[in-house]
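Here are a few notes to read alongside the model, written for someone opening it for the first time. Keep the viewer handy and go through the points in order.

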Amino acid sequence: PSWRQDYFQGSTGGQLTSMTLRRTFLQEAVDEPWVDAVRFEYEGLPIGDEWDHLALSDTYERRPR
C-alpha cells in the first residue's frame, strides 16, 4: 500500500485527498494560533505539477475567518 497508489490515483481520489489534506493541516475554522501555511512533499520531494489529479504543488496559506 502507498499514498501515491491508494489515495492520489484518479481524478476524484486525487481531488478529495488534496482538499482533505489542505483543510486538515490549515484548520481555518480554529481561532487559536495555528500554522500560517503548508507545503506538501512525498518521500522527501516536493509534489510538483507532474502529479496527475493532485492539487498540492503550491504553498497554501491559511485564510483568516
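**Notes on the chain**

1. Start with the overall layout. This is a predicted model, and its chain has two helices and four strands. Reading from the N terminus, you'll meet the elements in the order α-α-β-β-β-β. So much for the order of things; next comes the overall extent.

2. If you draw a box along the principal axes, the C-alpha atoms fill roughly 35 × 20 × 20 Å. There are 65 residues in the chain, and 25% of them are buried. Look at the contacts with a separation of 6 or more, too: 53% of those in the chain are between residues 24 or more positions apart.

3. On to the surface. The chain exposes about 5100 Å², with 49% of that supplied by carbon and sulfur atoms. As for charges, the chain has 7 positive and 12 negative ones, and the mean positions of the two sets lie 6 Å apart.

4. Now pick out threonine 17, which you'll find in helix 2. Is threonine 17 buried or exposed? Its relative accessibility is 10%, and because the cut-off for buried is under 20%, threonine 17 counts as buried. Setting aside neighbours within four places in sequence, threonine 17 is in contact with Trp3, Tyr7 and Phe8.

5. Aspartate 58 is worth a click as well. It sits in the loop between strand 3 (45–46) and strand 4 (59–61). Why call aspartate 58 partly exposed? Its relative accessible area is 45%, and the partly exposed class covers what lies between the 20% and 50% cut-offs, so aspartate 58 belongs there.

6. Who does aspartate 58 meet? Not counting residues up to four places away in sequence, aspartate 58 touches Val38 and Arg39. Take the arginine 39 pairing: the two residues are 19 apart in sequence, yet their C-alpha atoms are 6.5 Å apart in space.

7. Last, have a look at the largest pocket, which has a volume of about 160 Å³. Which residues line the largest pocket? They are Met19, Arg22, Arg23, Leu26, Glu28, Tyr60, Glu61 and Arg63. Helix 2 (11–26) and strand 4 each supply at least two residues of that lining. Helix 2 gives the most, with four residues. That makes helix 2 a handy element to keep in view, as threonine 17 from point 4 is found there too.

Key
Residues are numbered from 1 along each chain as its sequence is written. This is a predicted model: local features need pLDDT of at least 70, side-chain atom pairs count only at pLDDT 80 or more; totals for chains, interfaces and linings use all residues. Side-chain values use heavy atoms; hydrogens and water are left out. Buried means under 20% relative accessible area, exposed over 50%, partly exposed in between (1.4 Å probe, protein chains only). Contact means heavy atoms within 4.5 Å. Accessible areas come from the Shrake-Rupley method with a 1.4 Å probe; for residues, only the protein chains shown count as cover. Lys and Arg count as positive and Asp and Glu as negative; His and the chain ends are not counted. The place of a charge is taken as NZ of Lys, CZ of Arg, CG of Asp or CD of Glu. On a 1 Å grid over the protein atoms alone, a cavity is a set of points where a 1.4 Å probe fits but cannot get out, and a pocket is an open set with protein on both sides within 12 Å along at least five of seven lines; lining residues have an atom within 4 Å of a point. Grid points are joined across faces, edges and corners, and a volume is the space filled by probe spheres set on the points.
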